[in-house]
Amino acid sequence: MKKLILTAFMGIGFLGFSQNLKNEPNGREDKSLLVKTDNAELEAKKKAAEEKAKLPKPYDPKADAEKDIQALIAKAKKEKKNIMIQAGGNWCIWCLRFNQYVQTTPELKNIVDKNYVYYHLNYSPDNKNEKTFAKYGNPGEKFGYPVFIVLDSNGKTIHIQQSDVLEEGKGYSLEKVKEFFNKWAPAKS
């Protein structure tokens with residue numbers, strides 16, 4: 001009896017499955033949804049590439065990060081500021097968006113200029129800056145890019161921040177970014 005019921009269910013299941021494949025006459029599947037998805041994906045990639053091409057490229061793959069950061073520490077001590085390292089690369093749309101957002105939002109630019117010496121630490125096939133990233137625990141491997149490394153004026157790491165918590169839609173939240181910059185600014189005496 002169990003075999004008969006099992007055979008009946010298998011037969012009905014096979015019949016139902018074979019009927020789903022016949023969406024059009026001649027038994028051809030309707031692939032229009034797949035084509036629409038592919039076109040939407042291609043269009044999104046095209047728009048992202050156009051956006052990326054227009055944005056400034058702040059990362060320098062040829063820079064000597066160790067030397068640059070040592071110079072920043074001296075400058076930060078002199079100016080009584082902290083150091084904000086934005087790690088990423090010119091290949092990273094979110095890195096470029098963040099840079100553009102800060103540079104073109106007067107409220108944020110003012111907070112940054114007042115409190116930080118800012119540096120774009122390059123990570124790319126041309127220059128992975130492995131020694132520098134290792135010094136900070138390779139945060140890009142854990143959080144992705146951009147990732148922010150905040151140093152005090154002596155070069156001591158005081159915070160590492162992933163960027164996705166600062167996002168809002170296809171950009172960044174003004175309030176979240178302001179809060180982040182203000183929270184890690186040096187204490188003013």
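Four strands, taken as DSSP runs of E of at least two residues and numbered from the N terminus, form an open sheet of mixed pairing in the order β2-β1-β3-β4, where two strands pair if DSSP finds at least two bridges between them. The edge strands, each pairing on one side only, are β2 (116–122) and β4 (157–162), and the twist averages 20° from one strand to the next. The model is predicted, so that local features need pLDDT of at least 70 and side-chain atom pairs count only at pLDDT 80 or more, whereas totals for chains, interfaces and linings use all residues. Residues are numbered from 1 along each chain as its sequence is written, and side-chain values use heavy atoms, with hydrogens and water left out.

Strand β1 (residues 82–88) runs parallel to β2 and is joined to β2 by 7 bridges; A87 has L121 of β2 as its bridge partner. Helix α4 (residues 93–104; helices are DSSP runs of H or I of at least four residues) packs on the sheet, touching β1, β2 and β3 (147–151), with contact meaning heavy atoms within 4.5 Å. Buried residues of α4, at under 20% relative accessible area with a 1.4 Å probe and protein chains only, include I93, L96, F98 and V102.

The largest nonpolar core, a set of buried Ala, Val, Leu, Ile, Met, Phe, Trp, Tyr and Cys residues joined through side-chain atoms within 4.5 Å, has 21 residues. Its largest share, 5 residues, comes from α3. Among the residues with the most contacts inside this core is I85, which, leaving aside neighbours within four places in sequence, is in contact with residues including I69, Y119 and L121.

Terms used. Axes fitted to C-alpha atoms, helices over the stretch in contact; angles between N-to-C directions. Buried < 20%, exposed > 50% of the residue type's maximum accessible area, 1.4 Å probe, protein only.
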